[in-house]
Amino acid sequence: MAQHPPLTRYLVEQQRAGVTLDAQLLRLLETVASACRRIGAEVRQGALAGVLGSAGSENVQGEVQKKLDIIANEVLIDANDWGGHLAGMASEEMDDVLPVPATYPSGDYLLLFDPLDGSSNIDVNVSIGTIFSVLKKPAHGTPLQAADFLQPGARQVAAGYCLYGPQTTLVLTLGRGVAMFTLDHRDGSFVLTQEGIQIPPDTREFAINMSNMRHWDAPVKRYVDECLAGKEGPRGKDFNMRWVASMVADVHRILMRGGIFMYPWDRREPAKPGKLRLLYEANPMSWLVEQAGGAATNGRERILGIQPAQLHERVAVVLGSRHEVDRVTQYHQAGDA
Ligand SMILES: O=P(O)(O)OC[C@H]1O[C@](O)(COP(=O)(O)O)[C@@H](O)[C@@H]1O
Ligand SMILES: [Mg+2]
Ligand SMILES: [Mg+2]
C-alpha cells in the first residue's frame, strides 16, 4: 500500500479483506466524501461566499436554521439522489424522509445525516462537521416509508463524519475498526492517514456543557462532582474539561486522545430524553466510538441497541473512554435500583 492511499483504494482493499461492500455502497461512500469536499469548500470561503448567518427559517425541531445548514443539506441531496445507490435519505434538516425521485434508479441503501453539526459555531469560525449513517433498506418490496429508517444503530453498515477544522478530516467505520482520511487540498483527494484508531479506556478529560449543571440528574452530577474534586476526591486524580459545542469536534478529540462526552437528559425540557438526535448524531458516533474500543450509552443502555420509534428521536448520550462510560452508566443503574 502506498504511504497515503486514497479513499477508493482503501475501500477496495477493505472489500478484498472481506468487508461486505458492494458497488452501490462503494459509490455511496465516494459520493458522500465528494459532497463533504464541496461543503468543506463552502465552509472555507465563509463570508466570501456569503454562506454565513441565519437563513431565517426553522427546522422540524424548532431550531433556527443557518444558511450553511441548508446549503450542506442540499449538497448532500444533489450528490446522492440520482446515482442508483440509494432508496432514500433522512436529514436533521428535513421534516420527512426523501425518496429518490422516480425518474432515477432506486438503490438498496438509506442515507441519514446531520448535514452541518455545530451550527452555533459556523459564524465564529470554530470547527463544524457533517455526520452520516448508512442503513440497508428493508426488503419489503413496497415504496419507501419512514419506518424503513427506524432501525437500531447496531444495523448500520457504514457510519462516519467529516470535520471541517484546521484540517478537513473524514472518519469512517464499516464495522472493522475506524479509519481517518485527510483531505489533500492540493489535489482534492481524501487520503488514509490513520487506521485502527483506539480510544484509551481511561481518561482525565471530560466534555459536558457545565452551564446546565443545575438541571442535571443526580448520577451525572455525582460523576462530574467527583471529577471536579480532583486529586483530593474519590477519583484521586485531576481532570481537565473541554466543550467545543460541536459534537463532531468533541468526538474527534476523544477518538484521537480519549475522554468522555456527555449530553444527558436534563430538567429544562423533561419530556425530551436528550438534545442530540438518535439517528443522525448518536448512532453513527456511537458505532465509531465502539469500533475504536470505547463505549456509548444513554446512561442506562447501549445506544446501538435502542429501537427508534420516530425519525427525529432524541437521546441522552454518554460516550468515549470505556471505563468512564461504564462508571456513569453504573451510577445511573445504581440510582434506578
Ligand atoms: O449549545 P449546547 O447546548 O452546548 O449544545 C451543543 C451540542 O449541540 C449540537 O451543536 C447539535 O448539533 P446541530 O448543530 O446539528 O444542531 C452538537 O453538535 C453539540 O454537542
Ligand atoms: Mg448536530
Ligand atoms: Mg445539524
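A residue counts as buried if 20 or more other C-beta atoms lie within 10 Å of its own, as exposed if 12 or fewer do, and as partly exposed in between, with C-beta atoms placed from the backbone. Keep that in mind for the whole tour.

Two notes before you click. This is a predicted model, so local features need pLDDT of at least 70 and side-chain atom pairs count only at pLDDT 80 or more, while totals for chains, interfaces and linings use all residues. Residues are numbered from 1 along each chain as its sequence is written, and chains are lettered from A and ligands numbered from 1 in the order in which they are written.

**Stop 1: the two domains**

Colour residues 7-194 as domain 1 and residues 205-336 as domain 2; such bounds come from an automatic or database domain assignment. The C-alpha centres of domain 1 and domain 2 are 24 Å apart. Where they meet, 37 residues of domain 1 are in contact with 29 residues of domain 2 (contact: C-beta atoms, placed from the backbone, within 7 Å). To see the domain 1 side, select β5 (109-117), β6 (128-136), β7 (158-164) and β8 (168-173), the elements that each give two or more residues to it. The largest share, five residues, comes from β6. Helices (H or I, at least four residues) and strands (E, at least two) are DSSP runs, numbered from the N terminus. Sorted by class, this side of domain 1 holds 19 nonpolar, 15 polar and three charged residues. Here Ala, Val, Leu, Ile, Met, Phe, Trp, Tyr, Cys and Pro count as nonpolar, Asp, Glu, Lys and Arg as charged, and the others, Gly among them, as polar.

**Stop 2: ligand 1**

Which domains supply the shell around ligand 1? Domain 1 and domain 2 each give at least three residues. Show the surrounding residues, among them Glu63, Glu92, Asp114, Asn209, Met247 and Tyr263; a residue is near a molecule if its C-beta atom, placed from the backbone, lies within 6 Å of it. The shell has three nonpolar, five polar and four charged residues.

**Stop 3: helix α2**

Select residues 23-45. At 1.5 Å a residue, the 23 residues of helix α2 should span 33 Å, and its end C-alpha atoms are indeed 33 Å apart. The expected span is 1.5 Å times one less than the number of residues. The buried residues of α2 include Leu25, Leu28, Val32, Cys36 and Val43. Just after the helix comes Gly46, with a positive phi near 50°.

**Stop 4: strands β8, β9 and β10**

Now pick β9 (residues 178-184), where five of the seven residues are buried. Strands of a sheet pair through backbone hydrogen bonds, either parallel or antiparallel. Two strands are called paired if DSSP finds at least two bridges between them. β9 runs antiparallel to β8, with five bridges, and Leu170 has Phe181 of β9 as its bridge partner. Four residues separate the two strands of this hairpin, and Gly175 in the turn has a positive phi of about 95°. β9 also runs antiparallel to β10 (residues 189-194), again through five bridges, with Asp184 opposite Ser189. In that hairpin, Gly188 takes a positive phi near 75°.

**Stop 5: a five-stranded sheet and helix α7**

In what order do the five strands of the open sheet lie? The order is β12-β11-β13-β17-β15, with mixed pairing. β12 (240-241) and β15 (295-297) are at the edges, each with a single partner strand, so one side of each has no neighbour in the sheet. β15 pairs with β17 (residues 317-320) in the antiparallel sense over three bridges, and Thr297 stands opposite Val318.

Next, add helix α7 (residues 322-336), whose 15 residues should span 21 Å, in agreement with the 21 Å between its end C-alpha atoms. Its buried residues are Arg322, Glu324, Val325, Val328, Thr329, Tyr331 and His332. They pack against α4 (218-228), β13 (260-263), β15 and β17.

**Stop 6: two neighbours in helix α6**

Finish with Ala282, in helix α6 (residues 278-291). Is Ala282 buried or exposed? Ala282 is buried, because it has 29 C-beta neighbours inside 10 Å. Setting aside residues up to four places away in sequence, Ala282 touches Leu276, Arg277, Ile303, Val315 and Val317. Asn283 is also in α6 and is buried, with 28 other C-beta atoms within 10 Å. With those sequence neighbours again left out, Asn283 touches Ser133, Gly153, Gln156, Leu278, Ile303 and Leu304.

Methods. Two residues are in contact if their C-beta atoms, placed from the backbone, lie within 7 Å.
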